[in-house]
Amino acid sequence: MEKSVADIFEEYAQTGEQGSFSIENVSEEGLSKVSLIAHQARKKESEIEDTEKLLKKLKSEHHKIVTENLPDIMAELNMTGMTLNDGSSISVIPTVGCHISQANKEQAHSWLRENGYGDIIKSDVSVSFRKGEDGKRADFIELAEAQGQSITTKESVHPSTLKAWVKEEVIQQGKEVPVDLFGVYSGQKAVISKNKRG
């Protein structure tokens with residue numbers, strides 16, 4: 001009796017750990033089906049990679065259009081907005097961007113803490129426990145250090161949190177922050193609203 005793919009994987013699940021699963025027990029047609037499905041999976045992986053690359057490219061092109069091309073041409077024409085024939089509208093608004101580079105990370109975090117903004121820094125602490133040590137997680141830092149466990153601490157400021165902070169402190173309240181340290185830049189962005197009628 002010919003085995004289905006489900007039968008093959010069921011047998012593997014039951015016997016794989018003991019190493020008693022043998023490909024010799026599978027019919028040539030069954031192996032052919034497995035091979036076909038594996039090729040389909042590989043093809044889909046390739047399609048996903050290509051689609052992700054295309055999406056990245058499209059996002060980059062769109063970003064350039066709305067942050068450079070449209071604002072530049074509208075500035076040349078001394079325009080801040082207009083309504084298109086289809087009823088949608090374009091308006092150019094000021095925008096701010098920021099980014100903490102890896103090179104500036106330690107210094108930027110120190111500046112935030114020293115100036116009372118340490119609460120926007122997100123801190124993740126990871127500890128590696130051996131199998132069967134689940135009960136030690138309650139006081140994991142103290143226990144890990146006492147037992148020589150390795151601790152990894154990762155700190156970061158979420159990009160949207162950083163952007164909101166820059167808008168609040170710099171734009172709205174006019175406070176000075178080290179723009180180079182936080183990669184702060186300002187620019188223009190074209191916002192295109194959809195036609196509400198259609």
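Here are some questions and answers about two helices and the core in this predicted model. Residues are numbered from 1 along each chain as its sequence is written, and side-chain values use heavy atoms, without hydrogens and water. Because the model is predicted, local features need pLDDT of at least 70 and side-chain atom pairs count only at pLDDT 80 or more, while totals for chains, interfaces and linings use all residues.

Q: Which residues of helix 3 (residues 105–114) are buried?
A: Helices are DSSP runs of H or I with at least four residues, and strands are runs of E with at least two, numbered from the N terminus. Buried means under 20% relative accessible area, exposed over 50%, and partly exposed in between, with a 1.4 Å probe and protein chains only. By that rule, the buried residues of helix 3 are A108, H109, W111 and L112.

Q: Why do the buried residues of helix 3 line one face?
A: An arc is taken from the directions from the helix axis to the C-beta atoms. The face turned away carries the exposed residues E106, Q107 and E114. The buried residues line one face because, seen down the axis, they fall within an arc of 160°.

Q: Which elements give two or more residues to the largest nonpolar core?
A: A nonpolar core is a set of buried Ala, Val, Leu, Ile, Met, Phe, Trp, Tyr and Cys residues joined through side-chain atoms within 4.5 Å. The largest one has 17 residues, and W111, L112 and W165 are among those with the most contacts inside it. The elements are helix 3 and helix 5.

Q: What covers the buried residues of helix 5, including one strand and one helix?
A: In helix 5, the buried residues are L162, W165, V166 and E169. Their cover includes strand 2 (89–97) and helix 3.

Methods
Contact means heavy atoms within 4.5 Å.
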